[in-house]
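Me: I have a structure open and would like to talk through how its helices and strands are arranged. Could you take me through it?

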Amino acid sequence: MFKRIVNDIDSVLARDPAARSRLEVILCYPGVHAIIFHRISNWLWRSDWKFTGRFLSSIGRFITGIEIHPGATIGHRLFIDHGMGVVIGETAKIGDDVTIYHDVTLGGTSVSKGLRHPQIGNNVIIGAGAQLLGPIHVGNYARIGSNAVVVKDVAADATMVGIPARPVKEKIPADHHFEAYGTPRDEEADPIIALLHMMQNDVANLRMRVTELEAGNAELAGSAKK
């Protein structure tokens, strides 16, 4: 467990340019505190000390503002940046090297027992305010843009934005570079903006064609009078 916590700390140094030392990360990063609380409470939960695990996770929530159910499964090197308002449900599963920003919800939409929370792959980035709801699967290297609402499975390497979330590009760059907040910075990547631009071009072409037809009709009318 200690080695995993050290890896969690080092993942912050690798992904946050504002982090200057391990000591700063340990003392000043609530996301790291929340993960430490979860590592311990999850061990208690799996050891059938469920009330103790739940109570410890509630203390962690009070201190950090991040709510992680002790039953959730979290992989290596999770980085919760800023973190306030993050909610991770009981049956959620998070892979390795995942980055989650503040106000993210991995929530369930069913009151029945069994799998009801999102299953997140490796190297996924989930932007601030994103809501992932239900037992959906998010593929490796996917990007969930800020404030997106995801209710369907997400393919590997996809970037999702909007309400409801929709893919903005089929593949991210081959080097799988880190993209803060999981939100593409190129406005042309947004399919709605691309569609509007296409419609604007179509309207401009139609206006040009109408002008040509009107000019042709005017010439015919002039010829008929002569």
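**Helix packing and sheets**

Reply: Keeping in mind that this is a predicted model, a good place to begin is helix α3 and helix α4 (residues 50-64), which pack with their axes 8 Å apart and at an angle of about 175 degrees.

Me: ok, which way does α3 run relative to α4, parallel or antiparallel?

Reply: Since angles over 145 degrees count as roughly antiparallel, the angle of about 175 degrees makes α3 roughly antiparallel to α4.

Me: and which residues make that contact?

Reply: From α3 the contact takes in Pro-30, His-33, Ala-34, Phe-37, Ile-40, Ser-41, Leu-44 and Trp-45, while α4 brings Lys-50, Thr-52, Gly-53, Leu-56, Ser-57, Ile-59, Gly-60, Ile-63 and Thr-64. Sorted by character, the residues of this contact of α3 with α4 come out as nine nonpolar, seven polar and one charged.

Me: what about α1 and α3, at what angle do they cross?

Reply: Helix α1 (residues 2-15) and helix α3 (residues 30-46) cross at roughly 160 degrees, and their axes come within 10 Å. The two helices are therefore roughly antiparallel to each other, and the crossing of α1 and α3 is right-handed.

Me: who touches whom there, and how many of those residues are charged?

Reply: On the α1 side the residues are Arg-4, Ile-5, Asp-8, Ile-9 and Val-12, and they meet Val-32, Ile-35, Ile-36 and Arg-39 in α3. Three residues of the contact of α1 with α3 are charged, six are nonpolar and none is polar.

Me: switching to strands: what is the order in the five-stranded sheet?

Reply: That sheet is open, its pairing is parallel, and the order of its five strands is β1-β4-β7-β10-β13. At the edges stand β1 (67-68) and β13 (149-150), and each has a single partner strand, so one side of each is left without a neighbour in the sheet.

Me: how many bridges hold β10 to β13?

Reply: Strand β10 (residues 131-133) pairs with β13 in the parallel sense over two bridges, and Leu-132 stands opposite Val-150 in β13.

Me: and the four-stranded sheet, which strands are its edges?

Reply: In this open sheet, with parallel pairing and the order β2-β5-β8-β11, the edge strands are β2 (73-74) and β11 (137-138), each of which pairs on one side only.

Me: what sits opposite Lys-93?

Reply: Lys-93 stands opposite Gln-119 in β8; strand β5 (residues 93-94) and strand β8 (residues 119-120) run parallel and are joined by two bridges.

Technical notes. Residues numbered from 1 in each chain as written. Predicted model: local features only at pLDDT ≥ 70, side-chain atom pairs only at ≥ 80, totals over all residues. Heavy atoms only, no water. Pairing = 2+ DSSP bridges. Axes fitted to C-alpha atoms, helices over the stretch in contact; angles between N-to-C directions. Parallel < 35°, antiparallel > 145°, perpendicular 65-115°, else oblique. Left-handed = near helix turned anticlockwise from the far one by under 90°. Contact = heavy atoms within 4.5 Å. Nonpolar A, V, L, I, M, F, W, Y, C, P; charged D, E, K, R; others polar.
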